[in-house]
Amino acid sequence: MIFTVADDADRLAQALADRLIVEAQAAWAHARPLRIALSGGSTPRRLYEELGRRATTLPWQALEIFFSDERAVGPQDSASNYRLAYLPWLSQAPPGALIHRIPGELGAQAAACAYEDILQRAAGAGRDLDIVFLGVGADGHIASLFPGAPLITTRLAQAVEATPERQARITLTLPALVAARRRILLAEGTHKVDALRASLAPHAETPLARLLAQAPVEFWLDRAAAQALCPPP
Ligand code: 6PG
């Protein structure tokens with residue numbers, strides 16, 4: 001595990017945007033785009049706003065954009081993870097930018113099948129994901145892999161049925177997260193401390209812990225969330 005800690009959420013977003021651009025330029029120096037999967041929720045909003053401020057100088061040709069998960073809604077829906085990135089940032093993409101939106105409006109099952117095809121074609125062409133961005137939920141979920149979700153599958157994308165607490169979703173599977181070259185988990189605020197601590201504890205069973213057991217994760221935290229790295233008072 002690698003931990004990068006910034007003084008606050010704004011500096012965290014700036015530092016991660018800097019790193020993302022450097023990584024994209026490095027990939028392009030080898031004549032290929034950096035393939036990234038964007039996370040949803042609310043945490044990445046600052047990052048997308050920061051990237052939006054840099055849209056005119058971004059190496060768009062050096063980015064191929066996927067999504068870590070999506071709600072089973074259309075792109076205009078306020079719950080859409082695509083919309084979260086589109087409004088401040090992706091709306092400024094030039095024509096031809098490589099952006100693979102998960103068609104949540106088709107419903108979870110159909111959208112998962114469509115996304116599976118996109119991911120399998122990319123993987124089949126040796127174009128596995130380079131970086132998957134993740135957040136972490138209070139229950140230790142990552143993407144839309146919630147506690148109790150089936151984690152053993154040969155698929156790269158799966159549908160997540162609605163529950164009384166949350167709408168249906170489409171998510172990268174645990175094998176897809178493990179197969180990616182790197183995983184970056186972004187967390188900010190003291191409200192993330194308990195979830196991080198619980199997943200970093202020995203013998204933890206949260207979805208984040210299950211991922212950590214199979215692949216390294218790079219944690220990008222602000223100072224508030226990084227309190228999780230210290231023993232509880
Ligand atoms: C989603 C996200 C989800 C999110 C965590 C953290 O679609 O909601 O993919 O996994 O990253 O729930 O959410 P916050 O960033 O809002 O705390």
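# Exercises on a predicted model

Helix α1 passes helix α2 in a right-handed crossing. The structure you are looking at is a predicted model, and the exercises below walk you through some of its parts.

## Exercise 1: Two helices

Find out at what angle α1 and α2 pack, and decide how the two helices are oriented to each other.

*Solution.*
Step 1. Locate the helices: α1 covers residues 9–29, and α2 covers residues 45–53.
Step 2. Look at the geometry. The two pack at an angle of about 55°, and their axes are 9 Å apart.
Step 3. Compare with the cut-offs: roughly parallel needs an angle under 35 degrees, and roughly perpendicular runs from 65 to 115. The angle of about 55° fits neither class, so α1 and α2 are oblique to each other.

## Exercise 2: The seven-stranded sheet

Work out the strand order of the open sheet formed by seven strands, and say which strands stand at the edges.

*Solution.*
Step 1. Read across the sheet: the order is β1-β10-β9-β6-β2-β3-β5, with parallel pairing.
Step 2. Check the ends. β1 (2–6) and β5 each have a single partner strand, so each has one side without a neighbour in the sheet; these are the edge strands.
Step 3. Start at the β1 end. Five bridges connect β1 with β10 (residues 218–222) in the parallel sense, and Thr4 has Trp220 of β10 as its bridge partner.
Step 4. Move on to β6, which is joined to β9 (residues 182–187) by four bridges, the two running parallel. Here Phe133 stands opposite Ile184 in β9.
Step 5. Now take β2 and β6: two bridges join these parallel strands, and Ala37 stands opposite Val132 in β6.

## Exercise 3: Strand β3 and its neighbours

Describe how covered β3 is, which way its residues point, and what pairs with it.

*Solution.*
Step 1. Strand β3 spans residues 63–67, and five of its five residues are buried.
Step 2. Sort the residues by direction. Leu63, Ile65 and Phe67 point one way, while Glu64 and Phe66 point the other way. This is a pattern to look for in general, because side chains in a regular strand alternate between the two faces of the sheet.
Step 3. Turn to β2 (residues 34–38), which runs parallel to β3 and is joined to it by five bridges. Leu38 stands opposite Phe67 in β3.
Step 4. Follow the chain between these strands: from β2 the path leads through helix α2 to β3, making a right-handed β-α-β crossover.
Step 5. Finish with β5 (residues 98–99), which pairs with β3 in the parallel sense over two bridges. The partner of Ile65 in β5 is Ile99.

As a companion case, try β6 (residues 131–134): Ile131 and Phe133 point one way, Val132 and Leu134 the other, and all are buried.

## Exercise 4: The three-stranded sheet

Find the order of the open sheet formed by three strands, and the sense of its pairing.

*Solution.*
Step 1. The order is β4-β8-β7, and the pairing is antiparallel.
Step 2. β4 (69–71) and β7 (157–160) stand at the edges; each has a single partner strand, so one side of each lacks a neighbour in the sheet.
Step 3. On average, neighbouring strands of this sheet are turned by 15° against each other, direction ignored.
Step 4. Look closely at one pair: four bridges link β7 and β8 (residues 169–172) in the antiparallel sense, with Leu172 of β8 as the bridge partner of Ala157.

## Exercise 5: Buried or partly exposed?

Classify Val73 and Leu200 by relative accessibility.

*Solution.*
Step 1. Recall the cut-offs: buried is under 20%, exposed is over 50%, and partly exposed is in between.
Step 2. Val73 lies in the loop between β4 and α3 (81–86). Its value is 9%, so Val73 is buried.
Step 3. Leu200 belongs to helix α6 (residues 193–200). Its value is 28%, so Leu200 is partly exposed.
Step 4. Add a distance for Leu200: Leu212 is 12 residues away in sequence, and their C-alpha atoms are 8.3 Å apart.

## Exercise 6: Cysteines

State how many disulfides the whole structure has, and classify Cys113 and Cys230.

*Solution.*
Step 1. A search of the whole structure finds zero disulfides.
Step 2. Cys113 has 40% relative accessibility and therefore counts as partly exposed.
Step 3. Cys230, at 43%, is partly exposed too.

Conventions. Residues are numbered from 1 along each chain as its sequence is written. This is a predicted model: local features need pLDDT of at least 70, side-chain atom pairs count only at pLDDT 80 or more; totals for chains, interfaces and linings use all residues. Side-chain values use heavy atoms; hydrogens and water are left out. Buried means under 20% relative accessible area, exposed over 50%, partly exposed in between (1.4 Å probe, protein chains only). Two strands pair if DSSP finds at least two bridges between them. A crossover is right-handed if, with the strands pointing away from the viewer, the path from the first strand over the helix to the second runs clockwise. A disulfide is a pair of cysteine sulfur atoms within 2.5 Å. Axes are lines fitted to C-alpha atoms, for helices over the stretch in contact, and angles run from 0 to 180 degrees between N-to-C directions. Angles under 35 degrees count as roughly parallel, over 145 as roughly antiparallel, 65 to 115 as roughly perpendicular and the rest as oblique. A crossing is left-handed if the near helix is turned anticlockwise from the far one by less than a right angle, and right-handed if clockwise.
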